[in-house]
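User: I am new to this structure. Please walk me through its charged side chains, one question at a time.

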Amino acid sequence: MHFYYNNTWKFIIEKLSSDIHKGLLEELVPKRRQVYGDNEIKLPLGSSGIFSYIKELISIYLFICLFIDIFLLVNKNYVLALFVTIILFTNIFLRWLNIYQKKKQVEFLQNINYTTVSVLRDGVEKVVKAEELVVGDIVYVRKGSLIAADMRVIRAHNIKVDEKNVTGENFLKDKYESKIGGEVSSISEMKNILFKGTVIKEGEGAGIVISTGNNTQLGKLLTAMNYANSNKNTLKSMLDKNINKLYLLISFVTLVIYLLNKEIISVLLFLLGIIPIELILNTYIYILKKDLNNEGIELINTSTLELVKDLEILFLDKVGSITLNKMVVKGIVSNNKLYDIDKIDYKKDININRLMDILLLCNNSTYNIEADDGSGDLSEIAYIRFASNNRIYKSLLDSKNKRIFEVPMDSDKRMLTTLNKSKKGYRANIKGDVDKVLERCTHIMIDGLEKEITNEDINMIKALDFNYSVEGLKTQGVAYRSFNYQPSISENVESNLVFVGIVALENPIIEDVDKQILSIKQRGIIPILFTDDNKIAATAIGQKTRLISDPSLVISGIELDSLSKEELIGVLSKAKIFSRVNPEIKSKIVGLFNQDGYKVGVAGETLGDLSFLGISKVGISKGKAPEIVKKVSDLFIKDNYLNKFLNLFDVSQSFMKNLYSCEKITLIFLLSQLISLNLISLIDYKVGNNFIPVLITNLVIFSILTVGVLNSGLKSEGIGLSIFKILACSVLTFLAAYIIKDQCEIVFLIVFTGSLLINIIINLKTKLFHINISSILLYFAIFIWILSIGIFGVFNGVSFTLYEMISLVIILVIYLIIELIVKKVASIN
């Protein structure tokens, strides 16, 4: 992309063998399409046809449920089949909904692929389909045009573009045809490029196509999304695998029981098919996401819950992880001296007055005084805040100094320049890297007068800058150049500058961040920091936060540029902080760790971070990341993301343990139920005819309890103790049915379901009298159990003798004692 924005449009047309007056020849279009590819973005997540859905819906446990449904229908158990059918379709619908939502994310691209555009071919303006565009086509754009390919602007008349689909930014961008000198730090700074997927909101013009299809910036973004969707959605397959194993085991036990006792096969199959697994999982995920949202964590990819626990390396951006999303002005240097910022007379000091003017005019950010918040670059917001606190207002200054044009900052010159017009003439206002600004200065402002800058001046300025860096402060140089005429944007206005001073900014360190860094390391994760500070400031920050103790662990981007791949690999094995590295170097670093098999997590905020967010094991978008960056990432944390990542890490570990607890309690529950019903059928063969107790227990009470278990987990126990509990529950349920032979159905509901509730009460990892989701669900399940017993008893005219009631109470107490003994034995082991 550098080639296209860094050269004149005439040169680009010449290099692409096109013609400004005639466009391409129609006969050359097919050949170009062969060379550069077509202009259709291949949508991620596969095709949208019915087979792609069926493929993702296929699951062994759904096939088992389908078999149960068919079996019940064949055997004329229509009521049972109806309930199983409802649950089966609920499970299928929820799986389909998850797949559909993923595919819906990129549906808007269909409009881009199949719109029409005005193109110049054979000297004639024609309307063609967007997918027919090729590199070198001259395209006309007007208000409302949807840009169908990446284009270099060759003519612009007041063009304003909505780039939200690509950059995620909500404000309109001006576009012009002039070339951009040097490097740009992000695609949002490429003001002579129109990107595929953006919309012309004002003006009109023309451009030459430079990239098509998946080679466009939007295409590359979607490639990253496709990679993320294909390689990171592992939770679903892991859950499917475990559920399939569980259902296969229970199905095998059911088959064995069927061979021994064919009388109750229908109700045994019914109890398997009536559990709404997808509903349980989706309910829990919804609760978990809501809890995380309340903590400031937006879980975008639920598979993060599985992936995050395996991370080995976590790449951090300084801002938002170890420092606040805020900059504060801490020092000013001008007149070759340090100023006390609390004792500056802005009205009388000409140097300071000029410095403040430049900082506000050369500024693209906004600030709300009442909310003490702003949008844009943190340094620029700090300048506006500092000025506002001293009753100097940017809006007033802007109204008196009309901006003519802007020369954006890039990663090479590291300076931002604006040309402004006032009553006194024109002035280029410059701020940026101190060394880079000094290189272009021929004069210095002393006591309001312009004097030729000397080596002594330069050495003193660099010494003061160094002292600020040692304190961990960020510095920017401020300069200007006056004109008695209006220079053009092609003119080198960033030369022969007058140096005004240095501004030092503090990016406050988050409280207790050193403890958070230690916690990260204790979890077996190596934290590696990316920072825009110079190497000296980066070292100071690293030592303050205990990220490093040895300054040799800090490497700058300039040092990395000169290394071969082998040398780079050697450096990466030692470095813990990378200062002033551009997005390309970041991607290279992350990519090398990824290639070596390390499981890496990466934090990012801008479009330049998309590539490594996509290839990382866990991508974390942060701060004011645009929506399009969030779509590629796995989770979004607005601020203080290191501390919140630690919280998520702990949630992830609990989640996996709770899943295991849920699988275990489901196995115990279903095996106990199968054995209990089989034993009861020896006393009362009609027990299989009444499905209501099984329906209440499995569909309602067990489903509610399972969500609670997923949320809080159960205390662990060995396999031997679990088998003992299965047998104890089955035998006690059989004993109760034997004592009260004529009321087996309600006895099953009282004793078996009661035993299940006792199991959860004793083993649930939450305090029963502490109000949370798990305890509320437990109380609700108990309420449903008692209500069900009452309603079932009334409708069936059930009555117990005193002896029978005492027997039921004693049996439940015996099971309670068994649970307490098992819990004690498990804690000893």
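User: Which side chain meets K394 in a salt bridge?

Analyst: This is a predicted model. In it, both partners lie in helix α17, residues 394-400. They sit four residues apart, about one turn of the helix. The salt bridge spans 3.1 Å, N to O, and the partner of K394 is D398.

User: Is K394 buried or exposed?

Analyst: The cut-off for buried is under 20% relative accessible area. K394 has a relative accessible area of 13%, so K394 is buried.

User: And how does D398 count?

Analyst: Partly exposed covers the range between under 20% and over 50%. D398 has 31% relative accessibility, so D398 counts as partly exposed.

User: Which residues are joined into one network by salt bridges that share partners?

Analyst: One pair to start from is E26 with K126, which form a salt bridge. Shared partners join that pair with others into one network. The members are E26, R121, D122, K126 and D137.

User: How far apart are the closest N and O atoms of E26 and K126?

Analyst: These two residues form a salt bridge, which calls for a side-chain nitrogen within 4 Å of a carboxyl oxygen. Their closest N and O atoms are apart by 3.1 Å.

User: How many residues apart in sequence are the parts that this pair, E26 and K126, ties together?

Analyst: E26 lies in the loop between α2 (9-15) and α3 (29-36). K126 lies in strand β2, residues 124-129. The pair therefore ties together parts whose separation in sequence is 100 residues.

User: What is the relative accessible area of E26, and of K126?

Analyst: E26 is partly exposed, at 28%. K126 is also partly exposed, and its relative accessible area is 26%.

User: Which residue forms a salt bridge with K191?

Analyst: The closest N and O atoms of this pair are 4.0 Å apart. K191 lies in the loop between β5 (173-175) and β6 (193-194), and its partner in strand β14, residues 402-407. The pair links distant parts of the chain, 215 residues apart. At 14% relative accessibility the partner counts as buried, and that partner is E406.

User: How many salt bridges does a search of the whole structure find?

Analyst: The pairs K394 with D398, E26 with K126 and K191 with E406 are among them. The search of the whole structure finds 32.

User: Which residues gather in a patch of positive charge on the surface?

Analyst: One of them, K657, lies in helix α27, residues 641-680. K657 has 53% relative accessibility, so K657 counts as exposed. The patch gathers K657, K715, K765 and K823.

Definitions and conventions
Residues numbered from 1 in each chain as written. Predicted model: local features only at pLDDT ≥ 70, side-chain atom pairs only at ≥ 80, totals over all residues. Heavy atoms only, no water. Patch = residues over 30% accessible without salt bridge, like charges linked within 9 Å, V, L, I, M, F, W, Y side chains within 5 Å. Areas by Shrake-Rupley, 256 points an atom, 1.4 Å probe, with all protein chains shown as cover. Lys, Arg positive; Asp, Glu negative; His and termini not counted. Charge placed at Lys NZ, Arg CZ, Asp CG, Glu CD. Helix = DSSP H or I, 4+ residues; strand = E, 2+ residues; numbered from the N terminus. Buried < 20%, exposed > 50% of the residue type's maximum accessible area, 1.4 Å probe, protein only.
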